[in-house]
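Good morning, and thank you for coming. Please have the sequence and the structure in view while I speak.

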Amino acid sequence: MHSHWRCDNCGDVPPFHVAEHISAEIVGTVLRESASSAERIPLWCPWPLPSGWMVTGVGWSGDDRFGVRATVLACSGPEPLGGGPADLVLIAEQPGVGLGTRFAGIPGLDPGHLLSEALADRGAHAGPHAKIKAAGHPTPLWCVKSPEDRSAYVSEAKGMWLYAVAWPASAGYLLAEHVVLHDLSEGVPSELVFGAPSPYLHGRA
C-alpha cells in the first residue's frame, strides 16, 4: 500500500487535493499545509487582480510522507479580448510532479522537452512569449504546445516550475498585460476577492 496515485502514462504521481470551496480560511489551510513541508512551495496569485477577476479555487499535490510538492490557484474573470468568461490556473511545483503538465494537457511529468521546442521555434527572434513579475523579479514565460481549448505557458520561479494555463486559449493574452504574481505564503491581501469554484480544478481539465 502507498499513497501515490498511478498515472497510466507517467507512473506514480503525488495525490492531488482540491478544496471544494474557496475563502480566505481555505487559502490559509493550504498555506499551513505547505509550510509543514521541508521545502515551502509558492502559492502564486495575480496581485493586484486584473479588473473583474476573482480567486476561484486552490489545491495542492503531495502526501504525508513527502509533504506538499505542488500548489495550484485558479482565477476567473472577463476574457481580455471581450469574448466572455475566462479562467487562469497557476501552478508551482517541484520537478517530477506532473500537476502542471496535467492542467496544460501535455505529456510527461516535466515540460523541459516542450520548453526546448518553444525556444528553438523562436529562432532568430529569440525571446519570451510573455513577461510577468513573480515575487518582484522579471520572469519570462514560454508558450508550449497544448490542446486547442487552452494556452499554456511555462517558466521557473523560486527554483520551481511555474505554469500559467488559460481557458479559452485567447485568455492567454491576459499575460501580455502587466501581470504581477504574489506568493501568498508571504502574506494574503485582505482585499482578495473570491468567486464561485473554478470547474477546471474539479475535473473539467
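Let me begin with a term: a residue is called buried when its relative accessible area is under 20%, and exposed when that area is over 50%. I should also say at once that this is a predicted model.

With that term in hand, I turn to helix H1. Which residues of H1 are buried? They are Val 27, Gly 28, Val 30, Leu 31 and Ser 34. These residues cover an arc of only 160° around the axis, which puts them on the same side of H1. As general background, an α-helix has 3.6 residues a turn, so residues three or four places apart point the same way. On the other side of H1, Glu 25 and Arg 32 are exposed. What do the buried residues of H1 pack against? Their partners are strands S5 and S6. The length of the helix can also be checked: at 1.5 Å a residue, the 12 residues of H1 should span 16 Å, and the end C-alpha atoms are indeed 16 Å apart, which agrees.

Beyond H1, the chain enters a loop that leads to strand S4 (44-46), and Ala 38 is located in this loop. Is Ala 38 buried or exposed? Ala 38 has a relative accessible area of 89%, so it counts as exposed. Its C-alpha atom is separated by 8.0 Å from that of Phe 66, a residue 28 positions away along the chain.

Next, the strands. S6, residues 67-78, has 11 of its 12 residues buried, so this strand is largely enclosed by the rest of the structure. S6 pairs with S5, residues 54-63, in the antiparallel sense over nine bridges. Gly 59 stands opposite Val 72 in that pairing, and three residues lie between the two strands of the hairpin. S6 also pairs with S7, residues 85-93, again antiparallel and over nine bridges. Here Ala 70 is opposite Glu 93. The hairpin of S6 and S7 has six residues between its strands, and Gly 82 in the turn has a positive phi of about 80°.

I come now to the aromatic residues. How many aromatic pairs does a search of the whole structure find? The search finds two. In one of them, the rings of Phe 16 and Phe 103 have their centres 5.9 Å apart and their planes at 80°, so the pair is edge-to-face. Phe 16 belongs to strand S3 and Phe 103 to helix H2, so this pair ties together parts that are 87 residues apart in sequence. Both Phe 16 and Phe 103 are buried. The other pair is Trp 167 with Tyr 200: the ring centres are 4.1 Å apart and the planes lie at 15°, so this pair is stacked. It also links distant parts of the chain, with Trp 167 in strand S11 and Tyr 200 in the segment after strand S12, 33 residues apart. Trp 167 is buried, at a relative accessible area of 2%, and Tyr 200 counts as buried at 8%.

Phe 103 has a further neighbour: the charged end of Arg 102 sits over its ring, 5.1 Å from the centre.

I close with helix H3, residues 112-122, which includes Gly 112. Gly 112 is partly exposed, with a relative accessible area of 29%.

How values were computed. Residues numbered from 1 in each chain as written. Predicted model: local features only at pLDDT ≥ 70, side-chain atom pairs only at ≥ 80, totals over all residues. Heavy atoms only, no water. Helix = DSSP H or I, 4+ residues; strand = E, 2+ residues; numbered from the N terminus. Buried < 20%, exposed > 50% of the residue type's maximum accessible area, 1.4 Å probe, protein only. Pairing = 2+ DSSP bridges. Expected span 1.5 Å × (residues − 1). Arc of directions from axis to C-beta. Contact = heavy atoms within 4.5 Å. Phe/Tyr/Trp six-rings, centres within 6.5 Å; stacked < 30°, edge-to-face > 60°. Lys NZ or Arg CZ within 6 Å of the ring centre and 35° of its normal.
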